[in-house]
Number of protein chains: 2
Amino acid sequence: MTNKIAQLRKEHHISQAELADAVDVTRQTIISLENGRYNASLLLAHRIAKYFGLTIEEVFLFEEEEG
Amino acid sequence: MTNKIAQLRKEHHISQAELADAVDVTRQTIISLENGRYNASLLLAHRIAKYFGLTIEEVFLFEEEEG
DNA sequence: CCGAAGTGTAAAGGAAGCTTTACTTTTTGG
DNA sequence: CCAAAAAGTAAAGCTTCCTTTACACTTCGG
């Protein structure tokens, strides 16, 4: 799973710290998500998508990962 | 956060065990999600939505929970 | 050049998601 | 009614998400 967080953040001209604040997590959480260390929870995914005015599916890309 | 898993499952006439199998988790995980014991991960939410041919937002309802 | 802002890494710990096992209760069909 | 299927509970344990703290590296305006 990948995501467009870093890209969207740049388009919106905001820092990791500002986004972290807006969606109520720490800066390290945003860094880890952007760098693919782990996946967002459903709630956090929702808050991030909502912040950018998009759906979860528009921000998080599920390129049909096989089990 | 609530979800329509039980409802969708009934509409599709499948058991918890069948859904669990289809989305590759245990039956207990489906029970827990349906009964609101915890929230799905983003990946599982995606697999469930995909199974029903819906978006995550159509299956999981984020009634603007305040922090 | 220099400091501040932005981005990054690391590691320990707590909380939440999920599994496994085992057992109980409810629902359904013949 | 009675058995089988479906739905539920409980608890221990592992993994993943997220926090906290602390420190390093890069970039950029003045």
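**Two copies of a chain with two DNA strands**

Colleague: What percentage of the interface residues of chain B are also interface residues in chain A?

Modeller: The copies meet through the same surface, where two residues are in contact if their C-beta atoms, placed from the backbone, lie within 7 Å. This is a predicted model, in which local features need pLDDT of at least 70 and side-chain atom pairs count only at pLDDT 80 or more, while totals for chains, interfaces and linings use all residues. Residues are numbered from 1 along each chain as its sequence is written, and chains are lettered from A and ligands numbered from 1 in the order in which they are written. The share of interface residues of chain B that are also interface residues in chain A is 100%.

Colleague: Which element gives the largest share of the side of chain B that touches chain A?

Modeller: In this pairing, 15 residues of chain B are in contact with 15 residues of chain A. Helix H4 (42–51) and helix H5 (56–59) of chain B each supply at least two residues of that side, helices (H or I, at least four residues) and strands (E, at least two) being DSSP runs numbered from the N terminus. By class, the side of chain B that touches chain A has eight nonpolar, five polar and two charged residues, where Ala, Val, Leu, Ile, Met, Phe, Trp, Tyr, Cys and Pro count as nonpolar, Asp, Glu, Lys and Arg as charged, and the others, Gly among them, as polar. The largest share, four residues, comes from H4(B).

Colleague: In chain B, which residue has the C-alpha nearest the axis?

Modeller: Chain B is superposed on chain A by a rotation of 180 degrees with 0.0 Å of shift along its axis, at an RMSD of 0.0 Å, the fit being by least squares on the C-alpha atoms of residues with pLDDT of at least 70 in both. The two copies are therefore related as by a two-fold rotation axis. At 2.3 Å from the axis, the nearest C-alpha in chain B is that of B:Leu42.

Colleague: Which residues touch the most other members of the largest nonpolar core?

Modeller: A nonpolar core is a set of buried Ala, Val, Leu, Ile, Met, Phe, Trp, Tyr and Cys residues joined through C-beta atoms within 7 Å; a residue is buried if 20 or more other C-beta atoms lie within 10 Å of its own, exposed if 12 or fewer, and partly exposed in between, with C-beta atoms placed from the backbone. The largest such core has 26 residues, and those touching the most other members are A:Ala45, A:Ile48, B:Ala45 and B:Ile48.

Colleague: Which element gives the most to the surface near DNA strand C?

Modeller: A residue is near a strand if its C-beta atom, placed from the backbone, lies within 6 Å of it. There are 17 residues around DNA strand C, and B:Val25, B:Thr29, B:Tyr38, B:Asn39 and B:Ser41 come nearest. This surface divides into six nonpolar, ten polar and one charged residues. With three residues, the element that gives the most is H3(A).

Colleague: And which element gives the largest share of the surface near DNA strand D?

Modeller: Of the 16 residues around DNA strand D, those that come nearest are A:Val25, A:Thr29, A:Tyr38, A:Asn39 and A:Ser41. Two or more residues each come from helix H3 (27–34) of chain A and from helix H2 (16–22) and helix H3 (27–34) of chain B. The largest share, three residues, comes from H3(B).
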